[in-house]
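Let's take a walk through a protein model together. Keep the viewer open, and turn the structure as each part comes up.

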Amino acid sequence: MDIILKYFPELTDKQRERFSALNELYRDWNSKINVISRKDIDNLYEHHVLHSLAIAKILKFKPGTTLVDVGTGGGFPGIPLAIMFEECKFHLVDSIGKKVKVAGSVAESLQLENVSTQWSRMEDVKEKYDFIISRAVMPLSDLVKLVRKNVSSEQKNALPNGLICLKGGELEHEVGQYKRVASLYNLSDYFEEDFFKTKKGVYLPL
C-alpha cells in the first residue's frame, strides 16, 4: 500500500481504505481461483495496482467519462482506476466467467457504484464509451479492430476519445502502423521501480 501513497499522496481517506482493502480481497479470491499467479500475489500493489494506475498518470479523466476495460481479468486496470476516478463509470468485460465474478465481487465489497461487469467477448459489446482501457490482452492491431465500434464521438477530456493500453517490451513493430497518431509513454518516467523499466502505455485516438 505504501507504494501507492508514494506516487498518489493526495488520496482521500475513502480511497486509501479501498486501496488497502484490495490486498485481503485478492488474497482471499486467489486462494479459490487463480486470478493472479501465486508467486505474484505478494507483488499485488506494484505489479497490478500501481501498474493499472499508470493510466491515471497519462490522463486525468473528467467526471462523467465512461470507460470499458477489455479483458479485465480480476479487475485490472479497471478497479484501481475506478477507485481513483469515483465520478467516472467503468464497465469491466472478460470472456472468462470466473474472472468476471472476482472483479464483480471485489467491486461490490468495496461498494464501487461506478463499476459494472459483463461476462462476454468484446465483439458482443455494442455500447459506446469515451475510452477503451486494457492491459496487454492482445496485439494492438487486433484490439483496435475489436473496439473501434465502441468509441463515442462525444468529447470531454484533454485527449480525444480512444484507446489507452498498458504493454511491455518492444513495441516499435506493434505500434508501427499507428506511429503518426499513437503516443508512447515510458512508465519508468512515472515510477522508479525496476518492474516499470520495460513497461509502456500506448494512447491511440480512435
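The paragraphs below go from the sheet to the helices on it, then to a pocket and a few single residues.

Before we start, please keep in mind that this is a predicted model. A good place to begin is the sheet. It is open and built from 7 strands, in the order β3-β2-β1-β4-β5-β7-β6, with mixed pairing. At its edges you will find β3 (115–119) and β6 (183–186), each of which pairs on one side only. From one strand to the next, the twist averages 20°. As general background, the strands of a sheet pair through backbone hydrogen bonds, and they do so either parallel or antiparallel.

Now zoom in on one pair. Strands β4 and β5 run parallel and are joined by 5 bridges. Here isoleucine 132 stands opposite leucine 163 in β5. Helix α5 (residues 97–109) packs on the sheet too, where it touches β2 (89–94) and β3, and its direction makes about 165° with that of β3.

Another helix to look at is α6, which lies across β1, β4, β5 and β7 and runs at about 155° to β5. Is this helix mostly covered or mostly open? Helix α6 spans residues 140–147, and it is mostly covered, with 6 of its 8 residues buried. Those buried residues are Leu140, Ser141, Leu143, Val144, Leu146 and Val147. They pack against the strands β1 (66–70), β4 (131–135), β5 (162–168) and β7 (199–205), and also against α7 (172–175).

Stay with β5 for a moment, since glycine 162 lies in that strand. Its relative accessible area is 0%, so glycine 162 counts as buried. Which residues does glycine 162 touch, not counting those up to four places away in sequence? The answer is Asp130, Phe131, Ile132, Val151, Leu204, Pro205 and Leu206. For a sense of distance, pick the C-alpha atoms of glycine 162 and valine 106: they are separated by 27 Å, and the two residues are 56 apart along the chain.

Next comes empty space. Rolling a probe the size of a water molecule over the atoms shows where such space is left. In this model, the largest pocket holds about 220 Å³. It is lined by 13 residues, and the closest to its centre are Gly71, Thr72, Gly73, Gly74 and Arg135. Sorted by class, the lining has 4 nonpolar, 6 polar and 3 charged residues.

Two details of the backbone are worth a stop if you check torsion angles. Phenylalanine 76 and proline 77 are joined by a cis peptide bond, with omega at about 5°. You will find proline 77 in the loop between β1 and α4 (78–84). The other detail is glutamine 111, whose phi is near 55°, a positive value in a residue other than glycine. Glutamine 111 sits in the loop between α5 and β3. Its relative accessible area is 60%, and exposed means over 50%, so glutamine 111 is exposed.

Our last stop is serine 20, in helix α2 (residues 13–32). With a relative accessible area of 39%, serine 20 is partly exposed. Leaving aside neighbours within four places in sequence, serine 20 is in contact with Met1 and Tyr45. The C-alpha atoms of serine 20 and isoleucine 4 are separated by 9.6 Å, with the two residues 16 apart along the chain.

Key: Residues numbered from 1 in each chain as written. Predicted model: local features only at pLDDT ≥ 70, side-chain atom pairs only at ≥ 80, totals over all residues. Heavy atoms only, no water. 1 Å grid on protein atoms, 1.4 Å probe; cavity = no way out; pocket = protein on both sides within 12 Å on 5 of 7 lines; lining within 4 Å. Points joined across faces, edges and corners; volume = space filled by probe spheres on them. Nonpolar A, V, L, I, M, F, W, Y, C, P; charged D, E, K, R; others polar. Buried < 20%, exposed > 50% of the residue type's maximum accessible area, 1.4 Å probe, protein only. Helix = DSSP H or I, 4+ residues; strand = E, 2+ residues; numbered from the N terminus. Contact = heavy atoms within 4.5 Å. Pairing = 2+ DSSP bridges. Axes fitted to C-alpha atoms, helices over the stretch in contact; angles between N-to-C directions.
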